[in-house]
Amino acid sequence: MSTALYELEGVRFTYLGKFPALTDINLTVEKGQRVAVIGANGSGKSTLLNILDGLIFPDSGVVRFCGDVLEETSFREERSNRLFRSRVGLVFQNPDIQLFCPTVKDEILFGPLTLGLDTAAVAAAFDEITAIFGIKGLADRMPHQLSIGEKRKVAMAAVLVSSPDVLLLDEPTAGLDPRTTRDLIGLLNRYHAGGKTIITATHDMHVVEEIADVVHVFSRDKTIIRSGRPDDILADTKFLEEHNLIHIHAHSHDGTTHAHPHQHVHHDHLHKNP
Ligand SMILES: Nc1ncnc2c1ncn2[C@@H]1O[C@H](COP(=O)(O)OP(=O)(O)OP(=O)(O)O)[C@@H](O)[C@H]1O
Ligand SMILES: [Mg+2]
């Protein structure tokens, strides 16, 4: 029997019947794997995460989660809905879509309390997660009155507090300051060491090697054009440039013009710009 967590075969998805977002996705995610999904704007990354979170369902093709087909009817039964929701957590790219409670504290406690987790354990998890993100002082604030980075931290805390087995993160480091980014990477790696599966969509090439064992690159055709190890893919600057993941800058030095890849990826692989 397969140990795969997710298996996607020939998955297609079109919004409103006219805006194609995924075309023929074949993908396997193993339990405990750290996966990065990269690609240009509009290439289908967020749509894929929404499919993996059971928020939308393919027009054709199959999505399996732990061997069972994930379809709309899988969520009609309260018990299986709750079980899936307790195992899989998605942090949205846009925190405004996710945040809806009157206070930050309510927001972070909503998920675990809805899932019926033990209240003492939830209180301890709340203390820990708010300390990690440095948002304890925001507990009584209204989420929609926070800065974008603060909203992002609250949205992340609201998912991590329930400690789901599978974390789906949509651009988690966008707009975070350097220290928070570092702390988040440390936290994700501790989660991974504890056996969690982490699937991250990101434009942040600096963090890919630190958060992923395997990378899937989406093309403009909204399908996976290449999968591989982060170091192999990040070293291929021509490929990254072709797929709009880095850009080449022209610079003048000593009267001659040179083209350098802009330092959006790991410094071992690229020149730094002066
Ligand atoms: N709600 C929507 N209604 C209609 N079309 C949509 C909707 N959301 C996304 N799309 C379209 O689906 C395609 C894939 O979008 P998606 O948001 O998955 O891309 P992405 O790779 O996450 O992009 P980004 O890097 O900008 O976050 C795009 O062409 C987009 O225009
Ligand atoms: Mg997106």
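# A tour of the helices and sheets

Begin with helices α4 and α6, whose crossing is right-handed. Everything visited on this tour belongs to a predicted model. To bring the pair into view, select residues 104–114 for α4 and residues 148–160 for α6; the two helices pack at an angle of about 30 degrees, and their axes lie 7 Å apart. With angles under 35 degrees counting as roughly parallel, α4 is therefore roughly parallel to α6. Now show the side chains at the contact: on the α4 side these are V104, E107 and I108, and they meet V154, A157 and A158 of α6. Coloured by class, the contact of α4 with α6 comprises 5 nonpolar residues, no polar ones and 1 charged residue.

Keep α4 selected and add residues 119–132, which form helix α5; here the packing angle is about 135 degrees and the axes are 10 Å apart. That angle makes α4 and α5 oblique to each other, and α4 passes α5 in a right-handed crossing. The α4 side of this contact consists of K105, I108, L109, P112 and L113, while α5 contributes T119, V122, F126, I129 and T130. Sorted by class, the residues where α4 meets α5 are 7 nonpolar, 2 polar and 1 charged.

## The sheet of four strands

Turn next to the open sheet of 4 strands, in which the order is β2-β1-β4-β5 and the pairing is antiparallel. Its edges are formed by β2 and β5, each of which pairs on one side only. Add helix α1 to the selection and you will find that α1 packs on this sheet, where it touches β1, β2 and β4, its direction making about 125 degrees with that of β1.

The individual pairings can be followed strand by strand. Select β1 together with β2 (residues 19–30): these two pair in the antiparallel sense over 8 bridges, and as one point of reference T14 has P20 in β2 as its bridge partner. The two strands form a hairpin that leaves 3 residues between them, and in its turn L16 has a positive phi of about 55 degrees.

On the other side of β1 (residues 4–15) comes β4 (residues 60–65), and this antiparallel pair is held over 5 bridges; label E9 here, since it stands opposite V62 in β4. From β4, move on to β5 (residues 68–69), an antiparallel neighbour joined to β4 by 2 bridges. R64 stands opposite V69 in β5. Between β4 and β5 the hairpin has 2 residues, and C66 takes a positive phi near 50 degrees there.

## The sheet of six strands

The next selection is an open sheet of 6 strands with mixed pairing, ordered β6-β7-β8-β3-β9-β10. At its edges are β6 (88–91) and β10 (224–228), each pairing on one side only. Neighbouring strands in this sheet are turned against each other by 15 degrees on average, with direction ignored.

Within the sheet, display β3 (residues 34–39) and β9 (residues 214–218), which pair in the parallel sense over 5 bridges; the bridge partner of V37 in β9 is H216.

Which strands does helix α1 lie across in this part of the model? Select residues 45–52 for α1, and the answer is β3, β6, β7 (166–170), β8 (197–201) and β9, with the helix running at about 155 degrees to β7. Helix α2 (residues 78–87) packs on the sheet too, touching β6 and β7, and its direction makes about 60 degrees with that of β6. α1 is thus a helix to keep visible in both views, as it also touches β1, β2 and β4 of the sheet of 4 strands.

## A last stop at Q33

Finally, select Q33, which lies in the loop between β2 and β3. What does a polar atom of the Q33 side chain lie 3.0 Å from? It is the backbone nitrogen of E30. Then expand the selection to the residues in contact with Q33, leaving aside its neighbours within four places in sequence: they are T28, K196, T197, I198, D213 and V214. Among them, T28 belongs to the stretch of β2 (residues 19–30), T197 and I198 fall within β8 (197–201), and V214 belongs to β9 (residues 214–218).

Terms used:
Residues numbered from 1 in each chain as written. Chains lettered and ligands numbered in written order. Predicted model: local features only at pLDDT ≥ 70, side-chain atom pairs only at ≥ 80, totals over all residues. Heavy atoms only, no water. Axes fitted to C-alpha atoms, helices over the stretch in contact; angles between N-to-C directions. Parallel < 35°, antiparallel > 145°, perpendicular 65-115°, else oblique. Left-handed = near helix turned anticlockwise from the far one by under 90°. Contact = heavy atoms within 4.5 Å. Nonpolar A, V, L, I, M, F, W, Y, C, P; charged D, E, K, R; others polar. Pairing = 2+ DSSP bridges. Polar contact = N/O pair within 3.5 Å; in protein donor to acceptor, adjacent residues only side chain to side chain.
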